[in-house]
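Thanks for making time for this one today. Please have the sequence and the model open together while I talk, and stop me wherever a step is unclear.

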Amino acid sequence: MGRHSKERFNWLTPQVRGWLYGVITALVPLLIIYGVLDEQTAPLWIALAASILGTSTALAHTPKKE
């Protein structure tokens with residue numbers, strides 16, 4: 001990923017991540033109500049979103065050897 005990956009993720013600030021977590025956790029119950037997701041898989045989708053956001057941030061901000 002290197003130096004350019006950090007530049008790609010500059011927009012993923014703690015404030016943006018907080019907003020995304022809020023949107024995702026609000027969206028999932030709506031998707032359940034409208035029958036897009038069921039109650040058993042909804043927590044898995046939230047966990048997946050959190051994992052992607054957390055992992056991408058960690059990878060972007062982990063120092064790499066040049």
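Let me begin with Leu27, which you will find in helix α2, the helix that covers residues 14-33. Please keep in mind from the start that what we are looking at is a predicted model. Is Leu27 buried, exposed or partly exposed? Leu27 counts as partly exposed, because its relative accessibility is 42%, and that value falls between the 20% limit for buried and the 50% limit for exposed. Leu27 also belongs to a nonpolar surface patch of about 800 Å², which it makes together with Trp19, Val23, Leu30, Ile33, Tyr34 and Val36.

Now stay in helix α2, but move to Arg17, which has its place there as well. With a relative accessible area of 18%, Arg17 is buried, since the word applies to anything under 20%. Which residues does Arg17 touch, if we leave aside its neighbours within four places in sequence? They are Leu12, Leu53 and Thr57.

As for helix α2 itself, it has 20 residues, and from its first C-alpha to its last it reaches 29 Å, which is close to the 28 Å expected at 1.5 Å a residue. Just after α2 comes Gly35, and there the phi angle is positive, at about 80 degrees.

Let us turn next to helix α3, residues 42-61, where Ala49 is found. Ala49 is buried, with a relative accessible area of 16%. Its C-alpha atom is separated by 8.0 Å from that of Tyr21, although the two residues are 28 apart along the chain.

With those details in hand, we can step back to the whole protein, which has three helices and zero strands, so that, read from the N terminus on, its elements run α-α-α. Of the contacts with a separation of 6 or more, 61% are between residues 24 or more positions apart. Buried residues make up 18% of the 66 residues, and the protein exposes about 5,100 Å², of which carbon and sulfur atoms supply 68%.

Finally, a word about confidence. The average pLDDT of the protein is 81, and 79% of the residues score at least 70. Which element has the lowest mean pLDDT, and which the highest? The lowest belongs to helix α1, residues 2-8, with a mean of 58, whereas α2 has the highest, at 89. Where pLDDT is low, the predicted coordinates should not be read in detail.

Terms used: Residues numbered from 1 in each chain as written. Predicted model: local features only at pLDDT ≥ 70, side-chain atom pairs only at ≥ 80, totals over all residues. Heavy atoms only, no water. Patch = residues over 30% accessible without salt bridge, like charges linked within 9 Å, V, L, I, M, F, W, Y side chains within 5 Å. Areas by Shrake-Rupley, 256 points an atom, 1.4 Å probe, with all protein chains shown as cover. Salt bridge = Lys/Arg side-chain N within 4 Å of Asp/Glu carboxyl O. Helix = DSSP H or I, 4+ residues; strand = E, 2+ residues; numbered from the N terminus. Buried < 20%, exposed > 50% of the residue type's maximum accessible area, 1.4 Å probe, protein only. Contact = heavy atoms within 4.5 Å. Expected span 1.5 Å × (residues − 1). pLDDT = per-residue confidence, 0-100.
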